[in-house]
Amino acid sequence: MTNKLYLKSFGSSSELGFLNGERNFYGVDRERNEEFAKKYYRESAQKGHAGSQYMYGYILTRGIAGNVNVKRGVRYIRKAARQNYVPAVMETAKNYYYGFGVKRSGRKAMSFWKKGADLGSGEANYYLGLCYYKGEFVKKNKLAAEKYFSIAKENGINLSY
């Protein structure tokens, strides 16, 4: 199959780059190759592909296939979050919650969890429920906590609070 036909069946070169990154990162149809995955994700991320931005950022923050670069990795993950890529939204919320690569901010973590909840993430609803249950970053509100926990449960999240 020629590259043009392959591109046509998957849309754009950034999508093809993402798929090649996935195949190399997870070892689909070949041996796992993190170096190649990083290269494909980087090229596709620079073209604005949200999934690639998230994965390239993930690789950078964990030092997979090279040195750790938390600040740059977090920057790429935030780019994907701005495109409403749910895994990146959730990772960004956690980064703000723990202060990983950014200044710790409960307000910003809550903002990203709310964004995740609006995008349908059960996990985001769970974290919002915890915040309201514990009174963390917001005033304690058992009713709001139960609302978010209920939505999380409907989305398959196993509640243990």
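Helices H6 and H7 are roughly antiparallel to each other in this predicted model. Two packed helices are described by the angle between their axes and the distance between the axes. Here, H6 covers residues 86–98 and H7 covers residues 106–118. The two pack at an angle of about 160 degrees. Angles over 145 degrees count as roughly antiparallel, so the pair falls in that class. The axes of H6 and H7 lie 8 Å apart. The crossing of H6 past H7 is left-handed.

Both helices bring a set of residues to this contact. From H6 come Val89, Met90, Thr92, Ala93, Tyr96 and Tyr97. They meet Lys108, Ala109, Phe112, Trp113, Lys115 and Gly116 of H7. Sorted by class, the contact of H6 with H7 holds 8 nonpolar, 2 polar and 2 charged residues.

The largest nonpolar core of the model has 42 residues. Five of its members touch the most other members: Phe25, Tyr41, Met110, Trp113 and Tyr132. Eight helices each supply at least two residues of this core. They are H2 (13–26), H3 (34–46), H4 (50–62), H5 (70–82), H6, H7, H8 (122–134) and H9 (142–154). Trp113 also appears in the contact of H7 with H6. Tyr132 can be followed in detail. Not counting residues up to four places away in sequence, Tyr132 touches Met110 and Lys114. On the same count, Tyr132 also touches Val138, Lys139, Lys140, Asn141, Ala144, Ala145 and Tyr148. Met110, like Tyr132, is among the five core residues named above.

Individual positions in the helices were examined next. Asn95 is placed in helix H6. Its relative accessibility is 5%, so Asn95 counts as buried. Leaving aside neighbours within four places in sequence, Asn95 is in contact with Val74, Phe100 and Val102. Gly106 lies in helix H7. With a relative accessible area of 11%, Gly106 is buried too. Gly106 and Leu119 are 13 residues apart along the chain. Their C-alpha atoms are separated by 20 Å.

A buried residue is also found in a loop. Ile64 sits in the loop between H4 and H5. At 16% relative accessibility, Ile64 counts as buried, because the cut-off for that class is under 20%. Ile64 and Glu35 are 29 residues apart in sequence. In space, the two are 8.3 Å apart, C-alpha to C-alpha. Ile64 is in contact with Phe25, Glu34, Lys38, Tyr58 and Ile59, leaving aside its neighbours within four places in sequence. Phe25, one of these partners, is also among the five core residues that touch the most other members.

Two further loop residues stand out by their backbone angles. Most residues other than glycine have a negative phi. Asn84 has a positive phi, near 65 degrees. Asn84 lies in the loop between H5 and H6. Its relative accessible area is 39%, so Asn84 is partly exposed. Phe137 also has a positive phi, near 75 degrees. Phe137 is found in the loop between H8 and H9. With a relative accessible area of 35%, Phe137 is partly exposed.

Terms used. Residues numbered from 1 in each chain as written. Predicted model: local features only at pLDDT ≥ 70, side-chain atom pairs only at ≥ 80, totals over all residues. Heavy atoms only, no water. Axes fitted to C-alpha atoms, helices over the stretch in contact; angles between N-to-C directions. Helix = DSSP H or I, 4+ residues; strand = E, 2+ residues; numbered from the N terminus. Parallel < 35°, antiparallel > 145°, perpendicular 65-115°, else oblique. Left-handed = near helix turned anticlockwise from the far one by under 90°. Contact = heavy atoms within 4.5 Å. Nonpolar A, V, L, I, M, F, W, Y, C, P; charged D, E, K, R; others polar. Core = buried A, V, L, I, M, F, W, Y, C linked by side-chain atoms within 4.5 Å. Buried < 20%, exposed > 50% of the residue type's maximum accessible area, 1.4 Å probe, protein only.
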